[in-house]
Amino acid sequence: MVKYTIRRLIQALPTLFGITILSYLLMTAAPGGPVAALTFGQRITPQEREAMAARLGVNDPWPVQYLRWLLGDDWMRWDSDGDGVSDGSFLIPLDADGDGEPEPPGTRLGIIRGDFGTSFYARRPVLQVIVERIPATLELGLASLLVGLIVGVPIGIIAAVRRGGLFDNFTRIMAVIFNAVPIFWLGLILILIFGSMLGVLPMGSRCAPTLIGDCPPIYARLNYLLLPMLVLSTGGIAGYSRYMRTAMLDVIGQDYIRTAKAKGLRPRQVWFGHAARNALIPLATFLGPAITGLLGGAAITETIFSWPGLGRLAVAAVVQQDYPVVMAVVIMTSIATILGYLLSDILYAWIDPRIRFD
Amino acid sequence: MRKLNRVLLTGLLLALALTLALPTTAQGPKGGIILEASFGGDPATFNPLLCTETGCARLIGLMMPGTIGVDPEIAAPARVGENPRVRGALVKDWQISEDGTVYTLTFRDDYFWTDGTPVTAFDYKFAWDAIVSGQTDTNLGYVQDVIASVEAPDATTAVVTLHEPDCNALLYIGYIQVIPSHLFSNDFTQFNDNPWNFEPTVTAGPFTFGQMRSGELVSLLANPNYVDAELGYVNSEGFIYKNVPDATVMVEQFLAGEVNLLDSPAVNRRSDIRAAAETGAVQVYAYPGNAWDYMTYNLANPANPQPGLDENGNEIVQEPHPIFGDVRVRQALAHAVDLEAIIDGAVFGEGTAMASTVIPASWAFDETLEPYPYDPAKATEMLAEAGWVDTDNDGVLEAQGALYAEDGTEFRFTLYTNEGNTRRAAVGTIIQDELSQIGVAVDFQTIDWNTMLDIMYAQTYDAIILGWRQGYPDDPDFTQIFSIQSDVPGSGDNTGSYHNQRVVDLMREARRVPGCGLEDRAAIYAEYQRIVKEDQPYMFLYAIDGMYAASSKVEGWNPYPSNMFWNVDAWSVMP
């Protein structure tokens, strides 16, 4: 299994590399640009805009920008005699803003050397900006995933057991409704009912606002988590219940279930001890995308509930064309996706003896 | 007996001391936390020289002193001490040289940073040096258009020299805000990354920095040593700027008391807020606003964008836009759009029609200048005179002897606005509908913000609906937007290629009126407004009425249009 895992990880590297190239290309090809997004409405002359573009390096061709992001720029512009003034450059001009003075030597190391750069907008290291959002993102994502599984799986099992019955039909209709209802609408309705009309739950944020100190432990602020978690888990409940129902129905037709029944086992033992356990196996493949979803955040839910997650940050970064932040999110979600699918495969082989690592 | 007397005397003295002490305790800070909902994301910086958005501007205004005082009632520069409304500013007096080019500022000597270091003219000089150093990411470079140099001969004196006399000099001097220079290196190499920019542990305003919880809030704590506090102390415990990125939820949170302060709530929810005010649950202050919307025309050919000037500074004669290059067409369209219907439909009646770039709340506003009246019949007549008639009776006008369009060209144009802005989307829909009634076909599209900026700066559009926000005190100068130097495809703000030297001259003249009397200046701006109305580089729409709202639990709240927070040190929040 170790060999298999290492081989898969090595195989993933070209994929990751391809994703970053494609993402960078798409991002820089998008209309507008960081300078227009950052300076609209400000009293900035055309010359100052040009200088800003040169400083951010966004005037360079996209492959050069990509290489700077990947490998840094300390080898693109350098100071060979140590007098503090750049005297050599490769791929980029020595005097990028055309003011007659060479630009300072490059200091970026590139993500290969652990430098994710500085956010154009927040002006802080990208990693810092992102890491601040991860706890809230994981909190909401994990809670929603768990609720989705804990509620959705039993519903699917019962719906399969009582196929064609009232419960099955009811949950089918509910699954369609929950899949179809727009998240922003559901979120607003829940806020209006529980926050505004009944006043029993807060309307947003991760915890109560305080002048100093971070949020208390999660068990002390579950009331803040409840509504966004409900909204975000509706899709999961609907999806997992339908998937589980189908998987159960597949399993129910298998010989070993007939054998179990023939042995005289009680229906509950047949359904839950034999059928459900085997029907759960394909669900392991869902874990890959689910993990990606956890880290990718949920921009709409986070916006409605003022939740300080990564989804909102990512959407804002795209709107502001904050390339370093967008790329960091892309890298993170790509790695999460690759690891998620790898985990799925490993889990699948682990719980299903018929599958072997090859 | 003597001992008993001594005990009694001591007891009496203690009782007296307690009696004296009790009222003092009762007059101490009432406390409570001011909780304002904010729409935007995290502030990018707390350095006033780097701040470019409303979030950081709000928080900096509460933590840092201003340079020149502003009287909130008249929204004009004023000397500290002139009246109790002028507070939180460093310059107590200024002298102007006879030729009007040298301003000698006298700084107060009773203002201290929270680490005990005095706030001095040297801090001001440092801020100026940072701006002109070329080493910083400041967006205040434009102050150099007016200010030539700043010197600080001693701790309480700064000498500001202008290039030439300018009636906006005090505004420009005030744009340069002090920072605690003792925390920065003099060569500015680490200026942009200085930790103070992100965690301003040293401040000098009514509040000090508390914390920033990314994506959630920024908190400020009452500054116990704030020198300009009306009551002698800051009355509340602190201020929280709470991030609520959804406009509907923001109003709901306010009405439910989760936040207790709102600035410019969504226009479609203002009736709910007014209803709450009638019950006494909230306080509301409405005023003529400083944000306004317009539809900008591209006056040059979008198929061939050109800069206004060549490399040698000579004017380039640009190809006109086939439709909007003719001023008669633009004037006709102004008659074809019902501004009142737009104000009702797009901003729920919360707006005032505009006739030029000067907002109704401005001191320079010409009250006698009315917008063009809604008169579709006259619009049709004017378009016919300009060579636009429906020759084939298909409902769309065609060029027939038009100034710049070939005969047979249909009167069609594309109108953009940014996706997600329901107000501007409503404006576009109404304009599309009303213009269709006079035979003008509008392809109205809401597009991604960055795509729109790209198209706008590239000057490849026909028309775009957008908005501006004026500052307080209002500077009606529009040189940045309408000068030929700003007509640079790709990066200039004169994206519509509007060139009128008289307009630029008038704006320059208004800033150089001897004595700088507002009436004299307003007379010049009146002529400017008349010309701009006639030229119609924009279809002028409306200024959105402003609104501040506070919970009735917020005591001491007494806003002026220019500044809701001028007396924030005296506010308290009841439990």
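Four salt bridges are counted between chain B and chain A. This is a predicted model, so let us walk through the contact first and then visit a few spots within each chain.

## Where the two chains meet

One of the salt bridges pairs Asp137(B) with Arg55(A), whose closest N and O atoms are 2.8 Å apart. Asp137(B) and Arg55(A) are also part of a salt-bridge network, which takes in Arg123(A) as well.

Arg49(A) and Asp493(B) form a salt bridge too, at 3.4 Å from N to O. Arg49(A) sits in helix α3 (residues 46-56) of chain A, while Asp493(B) sits in the loop between α12 (479-482) and α13 of chain B, so this pair joins two chains. Both Arg49(A) and Asp493(B) are buried.

How much area do the two chains bury between them? The figure is about 4,300 Å², with 54% of it on carbon and sulfur atoms. On the side of chain B, the residues that lose the most area to chain A are Arg213(B), Asn450(B) and Ser491(B), which together make up 13% of what that side buries. In terms of residues, chain B brings 56 to the contact and chain A brings 48.

Polar contacts add to the picture: 18 residue pairs are found across the interface of chain B and chain A, with both partners at pLDDT 80 or more. Several elements of chain B give two or more residues to the side that touches chain A, among them β1 (33-38), α4 (169-175), α5 (247-255) and β18 (463-469). Helix α11(B) gives the most, with seven residues. Sorted by class, that side of chain B has 25 nonpolar, 18 polar and 13 charged residues.

## Salt bridges at a glance

Over all chains, the structure holds 43 salt bridges. Here are some of them, both between and within chains.

| Pair | N to O distance |
|---|---|
| Asp137(B) and Arg55(A) | 2.8 Å |
| Arg49(A) and Asp493(B) | 3.4 Å |
| Glu139(A) and Arg206(A) | 2.9 Å |
| Asp263(B) and Arg58(B) | 2.7 Å |

## Chain A

Chain A has 15 helices and two strands. Its radius of gyration is 26 Å, well over the 21 Å that the globule rule gives for 358 residues, so chain A is more spread out than a compact globule. Along the principal axes, the C-alpha atoms of chain A fill a box of roughly 90 × 60 × 35 Å. Buried residues account for 44% of the 358 residues in chain A. Among contacts in chain A with a separation of 6 or more, 68% are between residues 24 or more positions apart.

The salt bridge between Glu139(A) and Arg206(A) is an example of a link between distant parts of the chain: Glu139(A) is in helix α6 (residues 134-161), Arg206(A) is in the loop between α8 (183-197) and α9 (222-252), and the two are 67 residues apart. Glu139(A) is buried, at 14% relative accessible area, and Arg206(A) is buried at 12%.

## Helix α2 of chain B

Helix α2 (residues 54-63) of chain B is mostly covered, with seven of its 10 residues buried. Those buried residues include Cys56(B), Leu59(B), Ile60(B) and Met63(B), and the buried set packs against β1, β8, β9, β10 and β11 (261-263) of chain B. At the N-terminal end of α2(B), Glu53(B) acts as a cap, with a side-chain oxygen 3.2 Å from the backbone nitrogen of Gly55(B).

Helix α2(B) is also tied in by charge, through the salt bridge of Asp263(B) and Arg58(B). Asp263(B) lies in strand β11 and Arg58(B) in helix α2 of chain B, so the pair ties together parts that are 205 residues apart in sequence. Arg58(B) is buried, at 18% relative accessible area, whereas Asp263(B) is partly exposed, at 26%.

## Three loop residues in chain B

Asp569(B) lies in the loop between β20 (554-555) and β21 (572-573). Is Asp569(B) buried or exposed? It is buried, with a relative accessible area of 2%. A polar atom of the Asp569(B) side chain lies 2.8 Å from the backbone nitrogen of Glu230(B). Residues that Asp569(B) touches include Arg87(B), Tyr226(B), Tyr233(B) and Asn235(B).

Phe188(B), in the loop between α4 and β8, has a positive phi of about 65° although it is not a glycine. Phe188(B) counts as buried, at 8% relative accessibility. Cys516(B), in the loop between α13 (501-510) and α14 (518-535), likewise has a positive phi, near 55°. Cys516(B) counts as partly exposed, at 31% relative accessibility.

Notes. Residues are numbered from 1 along each chain as its sequence is written. Chains are lettered from A and ligands numbered from 1 in the order in which they are written. This is a predicted model: local features need pLDDT of at least 70, side-chain atom pairs count only at pLDDT 80 or more; totals for chains, interfaces and linings use all residues. Side-chain values use heavy atoms; hydrogens and water are left out. Contact means heavy atoms within 4.5 Å. Buried area is the accessible area (1.4 Å probe) that two parts lose on being put together, summed over both. A salt bridge is a side-chain nitrogen of Lys or Arg within 4 Å of a carboxyl oxygen of Asp or Glu. A polar contact is a pair of N or O atoms within 3.5 Å; within protein, one must be able to donate a hydrogen and the other to accept it, and residues adjacent in sequence count only if both atoms are side-chain atoms. Helices (H or I, at least four residues) and strands (E, at least two) are DSSP runs, numbered from the N terminus. Ala, Val, Leu, Ile, Met, Phe, Trp, Tyr, Cys and Pro count as nonpolar, Asp, Glu, Lys and Arg as charged, and the others, Gly among them, as polar. Buried means under 20% relative accessible area, exposed over 50%, partly exposed in between (1.4 Å probe, protein chains only). The radius of gyration is taken over C-alpha atoms; the globule rule is 2.2 Å times the number of residues to the power 0.38. Lists of a residue's contacts leave out its neighbours within four places in sequence.
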